[in-house]
Amino acid sequence: MASFPRVVSTTLPLIVLALIPIAAVQANTAPDDTPPPDAGVDQSEEIAQLKAEMAELKARMDAADDAEIAAAGGGEFQPTFDVYGYLSLELQKWFVADDDPFNGIIDTNLSFGMQHLSLYFSSHMTETLSALVEVGLSPLPHGTDKSYLPYARHDTTFQDPRNTETKNPGSIFIERAQMVWQPYDFFGVTAGRYFTPYGIWNIDHSPIIIITNNNPYLMIRQTVQPAQTGIAIQGRFFPGRNTYLDYAVTLSNGRGATEQAFDLDDNKAAGVRLKLSHEKDEFGISLGGYGYYGTTTDSIKELNPDPDAFDLTITTTEKYREFTGAADFQLKLWGVLVQAEWAGGIIKYIERPLKQYPVVNVPIPGAYQPDYIRWDAYVLLAWTLPLERWLDDKKITLYAMGERSIMDDTDDNYNVWMVRWGLNFKPMSFVILKFDVALLLMPESELLAQSNPYSVGGQVAVAF
């Protein structure tokens with residue numbers, strides 16, 4: 001709806017100008033002992049013309065109001081369908097000593113790469129029913145290490161038989177595909193593949209939004225499962241002005257080798273999310289938490305080809321119960337951002353697998369994985385410089401970030417400290433340029449990162 005001051009400021013001068021001739025005509029036709037100069041002249045046509053102009057002006061005002069109401073989302077609902085996305089290009093160089101075991105596991109060549117390329121398909125069918133599909137695209141797995149014993153590399157190269165053109169297909173993966181029915185602010189249902197409603201980074205994962213070049217270990221090691229297949233109930237309450245409480249209850253297949261398509265056991269995973277936020281002007285603060293419980297199962301199938309005893313045997317190779325929790329905190333104050341997340345879990349095995357070397361995924365003969373605790377945390381400090389006077393809406397942000405990752409509390413070889421610092425330049429809302437330095441520290445490890453590897457990198461990302 002058009003604001004009253006804007007309407008008045010726009011139309012009042014026109015109305016006054018329109019009324020002046022009418023007032024003059026009425027004054028000239030008022031009784032007086034001295035006849036006016038134009039006495040006896042019929043001015044009805046002039047008055048009619050002025051009334052017509054005022055009627056036209058009123059119609060234009062009403063049309064402007066209707067247009068503003070429609071632009072603000074008012075009036076009759078119209079279904080929508082939108083396609084958008086984001087992509088990024090990185091340039092990174094890792095520095096690792098020649099005798100460090102990480103030399104080879106980490107690519108030390110100066111390399112361009114594309115970490116982020118996603119397409120969104122969004123539709124609002126009714127005022128309460130919507131759907132969202134986020135599809136990730138990647139040139140991987142081509143070129144990545146496939147195995148180490150013996151060594152093999154993924155090679156998707158093929159030749160088109162029609163013209164002998166060589167091609168390297170990549171991969172398409174479903175980030176999320178969800179239907180949302182939200183009849184009320186305080187109650188809604190999501191069904192499909194949805195992001196686990198925990199933390200900050202897992203929800204706001206676009207390179208245009210996140211500050212650093214790379215994800216923290218909390219995301220890389222997936223201490224909390226980033227996405228789930230199932231249903232969720234969510235909503236928002238407003239306990240006070242500028243204050244709101246978000247909640248979600250999740251039910252899904254949980255973790256597993258096939259969880260995106262089907263479950264390998266009858267146990268369903270459940271989770272609960274709560275987040276309290278307050279925002280006003282240049283100040284914002286939020287505190288959230290998520291709890292998750294589930295059972296993860298993996299199995300193999302063995303076929304007996306004997307015609308007299310033909311059967312299929314299913315053997316469970318790994319099974320564990322998991323209780324995971326997460327907490328997040330964010331404070332925004334006049335361009336300063338303080339953001340922190342923690343996530344941790346307890347793993348209790350029912351069917352214990354062989355222990356593996358991480359990253360290379362090579363089993364250790366005779367060693368079985370014990371029950372363990374894992375947790376990850378980070379603290380991010382950022383400051384958007386107050387340079388509006390010189391840069392207008394362009395933004396420069398400085399940041400520093402510290403991380404701690406305990407992959408398995410029974411094996412200190414993979415405990416990590418990570419320090420990052422850098423700056424961002426945002427020339428417009430849909431473009432960002434980043435420069436980042438990262439230092440990897442593993443002082444408790446007797447195997448890896450003895451030389452304290454570090455990296456220097458940059459990124460340009462765009463939303464479209």
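Buried means under 20% relative accessible area, exposed over 50%, and partly exposed in between (1.4 Å probe, protein chains only). This model is predicted: local features need pLDDT of at least 70, side-chain atom pairs count only at pLDDT 80 or more, and totals for chains, interfaces and linings use all residues. Residues are numbered from 1 along each chain as its sequence is written, and side-chain values use heavy atoms, leaving out hydrogens and water.

**Figure 1. The whole protein has five helices and 23 strands.** Helices (H or I, at least four residues) and strands (E, at least two) are DSSP runs, numbered from the N terminus. The protein has 464 residues, and 34% of them are buried. Contacts (heavy atoms within 4.5 Å) often span the sequence: of those with a separation of 6 or more, 60% join residues 24 or more positions apart. The protein exposes about 27300 Å² (Shrake-Rupley method, 1.4 Å probe; for residues, only the protein chains shown count as cover). Carbon and sulfur atoms supply 62% of that exposed area.

**Figure 2. Trp-181 and Phe-187 pair edge-to-face.** The whole structure holds 10 aromatic pairs. Trp-181 and Phe-187 form one, with 6.3 Å from centre to centre and 90 degrees between the planes. Rings of Phe, Tyr and Trp (its six-membered ring) pair if their centres lie within 6.5 Å; planes under 30 degrees apart count as stacked, over 60 as edge-to-face, the rest as tilted. Trp-181 counts as partly exposed because its relative accessible area is 41%. Phe-187 is also partly exposed, at 28% relative accessibility.

**Figure 3. Tyr-184 and Phe-186 are stacked.** Their ring centres lie 5.1 Å apart, and the planes differ by 10 degrees. Tyr-184 is partly exposed at 49% relative accessibility. Phe-186 is partly exposed at 41%. Ring pairs carry the view on to Phe-237 and Tyr-247, which join Tyr-184 and Phe-186 in a cluster.

**Figure 4. Charged ends sit over the rings of Tyr-244 and Phe-95.** The test is NZ of Lys or CZ of Arg within 6 Å of the ring centre and within 35 degrees of the ring normal. Arg-236 places its charged end over Tyr-244, 3.9 Å from the ring centre. Lys-93 does so over Phe-95, at 5.5 Å.

**Figure 5. A nonpolar patch lies on the surface.** Its members are Leu-89, Leu-91, Leu-110, Phe-112, Met-114, Leu-433 and Val-460. Together they have about 640 Å² of accessible area. Patch residues have over 30% relative accessible area and no salt bridge; like charges are joined within 9 Å, nonpolar side chains (Val, Leu, Ile, Met, Phe, Trp, Tyr) within 5 Å. A salt bridge puts a side-chain nitrogen of Lys or Arg within 4 Å of a carboxyl oxygen of Asp or Glu. Leu-91 belongs to strand β1 (residues 80–95). Leu-91 is partly exposed, at 31% relative accessible area.

**Figure 6. Thr-295 is buried in strand β14.** The strand covers residues 283–304. Thr-295 counts as buried because its relative accessibility is 8%. Leaving aside residues up to four places away in sequence, Thr-295 touches Asp-265, Asn-267, Lys-319, Tyr-320 and Arg-321.

**Figure 7. Ala-382 is buried in strand β19.** The strand covers residues 372–384. Ala-382 has a relative accessible area of 6% and so is buried. Beyond residues up to four places away in sequence, Ala-382 touches Ile-211, Gly-335, Val-336, Leu-337, Thr-397, Leu-398 and Tyr-399. Leu-423 is 41 residues from Ala-382 in sequence; in space, their C-alpha atoms are 9.0 Å apart.
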